[in-house]
Amino acid sequence: MKWKIKRKKRFGKKEFFSRAAFGVAAAAALCGGCGWRQGGTGEPGQGIAPWRSTDVAMGTVVQQTVYAEDGGAAEEFSRQAMALLARLEREEISWRLDSSEAARINVSAGREEGILLSEDMDRLLEACLELWERSEGAFDVTLGPVARLWDIDRWAASSAAQKAAQAEEGDVSQSAQEAGFRVPSEEEIAKALRLCGSGRLRTEGQGPARLYLPEGMQLDLGAVGKGYAMSKLYALLEESPAVTGAVLSLGGSILTYGDRPDGGPWRVGIVDPFDTSASIGTLELEGQWCVSTSGDYERYVEAEGRRYHHILDPKTGAPAVCGVRGATVLMKDGLLSDGLSTACFLLGPEKGMALAGQYGAEVLFVLADGRVELSEGMKRYYASQP
Ligand code: AMP
Ligand code: MG
């Protein structure tokens, strides 16, 4: 499949993503065994002590553990991180807020003049289109009409609030039950699907391009939004010399950064899809990594004995039935790890591992029959739960 987007690339991917080393992933991060507490708890004046906080941003729970040489600097970083996420949501990513670029792009659908992309959006969409091509169309950010039809974002909002409330009580496991859920009809799905397809996007010019979104098409950046935010958080960390180490968790995305004061590795737990209050194992990571998990337990509705989750198969326009419960991707780059986890979930172990390999990423699958499959390189970092 060839993209219909044809232009000279002004930015090499390396150039763009060299600033994008962050993490994304499992719904529960284990920070060396530390517990999460609501509100900030800094311990200034006691050498390197973690600042821990739990907040809500971008429709999900944000948990931060930040080490700095003084507690004030860690708290200040945490505050700046929340301000950054609020700005990204408001100005760039959220399709719900008229003020955002994603919303303006969606409003431009069908307009003859198209819309001039910002440089960041240009790069983000370029990465998404490459993933679409390499995943043979499984990963597709133009599925907005189908996602709206299933009302996925309403489930997300609800589960985020639930997560936040539970996190406040020290329990980040959650389930999502939605009142008023309705399975769309086949006709509705077919009609919405006809409006989608990354292959129908057109651009003109370069760095940044003008995008022509076909009538009725809507972007849904839910599969990469948090990874993109992680890239920005990583840049903020790099600009914060007082911060010596951090674990930032944003929904299914986790970024580890720097060092733990005790010299040990960062530990990121991988949620057990069969019991989301537990983990199946732990990734032990040194320094900066991104861990991104896509799972059918993250946002879902159960109706008539069936689970409807938020990862859609572009071929059917319905939640993917692919024998996978969770896919976790480990790599340096946040945006790509987020996108790849979604793509790997859809593709399953064989194709998913091949795709991850193209990006130098490692991947772990939890399958519907309970088996765990890991790429060869992932075995170096993974310790299963004893
Ligand atoms: P994630 O949790 O990162 O796997 O992202 C899932 C989100 O991505 C969903 O809530 C939708 O907003 C969006 N999405 C669903 N299906 C797809 C797909 N096939 N390709 C790209 N994005 C998708
Ligand atoms: Mg994703």
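The buried residues of α8 pack against β2 (60–68), α2 (71–93), α4, β6 (243–250), β7 (253–258) and α9. The model is predicted. Helix α8 covers residues 225–238 and has 14 residues. Its first and last C-alpha atoms lie 20 Å apart, close to the 20 Å expected at 1.5 Å a residue. Twelve of these 14 residues are buried, so α8 is largely enclosed by the rest of the structure. The buried set begins with G225, K226, G227, Y228, A229, M230 and S231. It continues with L233, Y234, A235, L236 and L237.

The chain as a whole gives the setting. It contains nine helices and 18 strands. Of its 386 residues, 60% count as buried. Contacts were also considered between residues at least 6 apart in sequence; 66% of these join residues at least 24 apart.

Helix α2, one of the elements packed against the buried residues of α8, holds F77. F77 counts as buried, because its relative accessibility is 2%. Residues up to four places away in sequence aside, F77 touches Q64, V66, L233, L236, L237, S240, V243 and L248. Among these partners, L233, L236 and L237 are buried residues of α8. W51 lies 26 residues from F77 along the chain, and the two C-alpha atoms are separated by 9.5 Å.

Helix α9 departs from a straight form. A straight helix of 25 residues would span 36 Å at 1.5 Å a residue, yet the end C-alpha atoms of α9 span only 16 Å. A kink of about 140 degrees lies at G348. The proline P349 follows shortly after this point. Burial is extensive in α9: 18 of its 25 residues are buried, so the helix is largely enclosed by the rest of the structure.

Helix α9 (residues 334–358) also meets helix α4 (residues 119–134). The two axes come within 10 Å and cross at roughly 10 degrees. Helices α4 and α9 are therefore roughly parallel to each other. On the α4 side, the contact is made by L124, A127, L131 and R134. On the α9 side, L335, G339, L340, A343, L355 and Q358 take part. The residues of this contact divide into seven nonpolar, two polar and one charged.

T342 is another residue of α9. T342 is buried, since its relative accessible area of 12% falls under the 20% cut-off. Not counting residues up to four places away in sequence, T342 touches F139, A223, S294 and I311.

A further buried position occurs in helix α3 (residues 101–107), where I105 lies. I105 counts as buried, because its relative accessibility is 0%. Leaving aside neighbours within four places in sequence, the contacts of I105 are I115, L117, M121, L211, L213 and L219. Of these, L219 is 114 residues away along the chain. The C-alpha atoms of I105 and L219 are nevertheless separated by 7.8 Å.

Key. Residues numbered from 1 in each chain as written. Chains lettered and ligands numbered in written order. Predicted model: local features only at pLDDT ≥ 70, side-chain atom pairs only at ≥ 80, totals over all residues. Heavy atoms only, no water. Axes fitted to C-alpha atoms, helices over the stretch in contact; angles between N-to-C directions. Helix = DSSP H or I, 4+ residues; strand = E, 2+ residues; numbered from the N terminus. Parallel < 35°, antiparallel > 145°, perpendicular 65-115°, else oblique. Contact = heavy atoms within 4.5 Å. Nonpolar A, V, L, I, M, F, W, Y, C, P; charged D, E, K, R; others polar. Expected span 1.5 Å × (residues − 1). Bend = angle between axes of the 7 residues up to and from the residue. Buried < 20%, exposed > 50% of the residue type's maximum accessible area, 1.4 Å probe, protein only.
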